Amino acid sequence: INRIPVVLARINTDVSLATFESSVRNLVLDIENTYWDLHAAYRNLETAKIGRDSAQVTWNNVYEKKNAGVENAQAEAQSREQYFFFRSQLETALRDLYNVENRLRYLMGIAATDGRLVRPKDEPSAARLAFDWRQIHTEALMRSAELRQQKWVVERRELELVAAKNLLLP
């Protein structure tokens, strides 16, 4: 009976440690996902640049043909509209890149105004992976911080029930 408060304090500590472990794991996962989101944002930016540059070349060609009398004004206007559309796509891609970079900086605790640009160094792996689902599932269940935390919560509730029953005794 006298040990129950000590055991409850220990269980509370274990629950807190499991919560901390889950939080750290989730932070690392968020940083990794944002890192690859930043990589994808850079790829989108490069694609938008290529599209804008191609549209500009097309517009210049059509503009020259219009001045030479080969093309009409409608074709030139359409190619100009396409150029401005691709330019807006480039600006949107750049804004998205800055947003993802700011999110990564926030997660990593880096100031957003240090004057540097964060750019992913690694390319994603293209290797084919085949995992043993049963082994991974078993290992995930054994290492799950959430399951350990719930186990400690159940044990704490059981001890609280025993303590409550003992308080009813004369």
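This report describes two helices of a predicted model, their packing against each other, and three residues within them.

## Helix α2

Helix α2 covers residues 73–108. With 36 residues at 1.5 Å a residue, α2 should span 52 Å, and its end C-alpha atoms do lie 52 Å apart, so the expected and modelled lengths agree. Just after the helix, G109 adopts a positive phi of about 80°.

The buried residues of α2 are E76, S79, Y83, L90, A93, L97, V100, E101, L104 and R105. Among the elements that cover these buried residues is α1, which comprises residues 4–68.

## Packing of α1 against α2

Two packed helices are described by the angle between their axes and the distance between the axes. For α1 and α2, the axes come within 8 Å and cross at roughly 165°. Angles over 145 degrees count as roughly antiparallel, and α1 and α2 are therefore roughly antiparallel to each other. Their crossing is left-handed. Sorted by class, the residues in the contact of α1 with α2 are 25 nonpolar, eight polar and ten charged.

## Two residues of α2: E76 and R87

E76 lies in helix α2. Its relative accessibility is 4%, and because buried means under 20%, E76 counts as buried. Leaving aside residues up to four places away in sequence, E76 touches W59, V62, Y63 and K66.

R87 also belongs to helix α2. Its relative accessible area is 34%, so R87 is classed as partly exposed; the partly exposed range lies between the 20% limit for buried and the 50% limit for exposed. R87 and G51 are 36 residues apart along the chain, and their C-alpha atoms are separated by 8.3 Å.

## A residue of α1: H39

H39 is located in helix α1. With a relative accessible area of 9%, H39 is buried, since the cut-off for that class is under 20%. Apart from residues up to four places away in sequence, the residues that H39 touches are P120, D122, E123 and P124.

## Summary

In the predicted model, α1 and α2 are roughly antiparallel, with a left-handed crossing. Within α2, E76 is buried, whereas R87 is partly exposed. In α1, H39 is buried and touches residues including P120 and P124.

Technical notes
Residues are numbered from 1 along each chain as its sequence is written. This is a predicted model: local features need pLDDT of at least 70, side-chain atom pairs count only at pLDDT 80 or more; totals for chains, interfaces and linings use all residues. Side-chain values use heavy atoms; hydrogens and water are left out. Helices (H or I, at least four residues) and strands (E, at least two) are DSSP runs, numbered from the N terminus. Buried means under 20% relative accessible area, exposed over 50%, partly exposed in between (1.4 Å probe, protein chains only). Contact means heavy atoms within 4.5 Å. The expected span of a helix is 1.5 Å times one less than its number of residues. Axes are lines fitted to C-alpha atoms, for helices over the stretch in contact, and angles run from 0 to 180 degrees between N-to-C directions. Angles under 35 degrees count as roughly parallel, over 145 as roughly antiparallel, 65 to 115 as roughly perpendicular and the rest as oblique. A crossing is left-handed if the near helix is turned anticlockwise from the far one by less than a right angle, and right-handed if clockwise. Ala, Val, Leu, Ile, Met, Phe, Trp, Tyr, Cys and Pro count as nonpolar, Asp, Glu, Lys and Arg as charged, and the others, Gly among them, as polar.
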